[in-house]
Amino acid sequence: MGLDVYLSKKTFIGAMFKSSEVSGTILLTKKGKTIPIRPERVQYVTEDVYHGCKTYWLQDWLNRELPEVPGNAEEREIDDDVVDRLHQACVEVLAHRNKPDFREVCKEKLRCLLKPDISHEALEQFLHEVEMLAQATSPEEKTDDAVFAVSLSW
């Protein structure tokens, strides 16, 4: 067991309001059986855009950046500027991955202290987590009708 960090994107659809002019169909199945979803009742679509396992460095970053960090199994909305700062920090860390100042950039931008003797496998896992987080927080994920939320589980 350990710390899991979840980032979700919740997009307002508002299909129940005719003024939203939402159209389309929802066809989902689970184990071969149709899940009965009536599109005209869909208010939000929530996507899990990131799941980090044992990402203590991300929890530390969130502790410093958020006014109130969620407790175990709680969810908190995060402002666009926090999402932007997290995205930019990830991009900068990834840009320095093969440079001599990589560890300093990790420490400065993500507040992550990488051990000097970190294994190649562990370093690759960390970089994969940062890449996934950069994708999840990219400007392409942001829309006027969407909000991001974070939750922690330990």
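The legends below accompany several close-up views of a predicted model.

**View 1. The whole chain, built from four helices and six strands.** Read from the N terminus, the elements of this predicted protein follow the order β-β-β-β-α-β-α-α-α-β. The C-alpha atoms fill a box of roughly 55 × 35 × 30 Å along the principal axes, and 34% of the 154 residues count as buried. The accessible surface comes to about 10,100 Å², and carbon and sulfur atoms account for 50% of that area. Among contacts between residues at least 6 apart in sequence, 76% join residues that are at least 24 apart.

**View 2. The open sheet of four strands, in the order β4-β1-β6-β5.** The pairing in this sheet is antiparallel, and its edges are formed by β4 (44-53) and β5 (75-78), each of which pairs on one side only. Neighbouring strands are turned against each other by 25° on average, with direction ignored.

**View 3. The pairing of β1 with β6, and the helix that lies across them.** Strand β1, made of residues 4-12, runs antiparallel to strand β6, made of residues 146-153, and eight bridges join the two. One position to look for is L7, whose bridge partner in β6 is V150. Helix α4, covering residues 120-136, lies across β1, β4 and β6, and it runs at about 160° to β4.

**View 4. A nonpolar patch on the surface, formed by I26, L28, I35 and I37.** Together these four residues have about 280 Å² of accessible area. I26 is placed in the loop between β1 and β2 (28-30), and with a relative accessible area of 34% this isoleucine counts as partly exposed, because that value lies between the 20% limit for buried residues and the 50% limit for exposed ones.

**View 5. Two loop residues with positive phi, K31 and A73.** Most residues other than glycine have a negative phi. K31, although not a glycine, has a positive phi of about 55°, and this lysine is found in the loop between β2 and β3 (33-35). With a relative accessibility of 82%, K31 counts as exposed. A73 is likewise not a glycine and has a positive phi of about 65°; this alanine is placed in the loop between α1 (56-65) and β5, where its relative accessible area of 65% makes A73 exposed.

Technical notes: Residues numbered from 1 in each chain as written. Predicted model: local features only at pLDDT ≥ 70, side-chain atom pairs only at ≥ 80, totals over all residues. Heavy atoms only, no water. Pairing = 2+ DSSP bridges. Axes fitted to C-alpha atoms, helices over the stretch in contact; angles between N-to-C directions. Contact = heavy atoms within 4.5 Å. Patch = residues over 30% accessible without salt bridge, like charges linked within 9 Å, V, L, I, M, F, W, Y side chains within 5 Å. Areas by Shrake-Rupley, 256 points an atom, 1.4 Å probe, with all protein chains shown as cover. Salt bridge = Lys/Arg side-chain N within 4 Å of Asp/Glu carboxyl O. Buried < 20%, exposed > 50% of the residue type's maximum accessible area, 1.4 Å probe, protein only.
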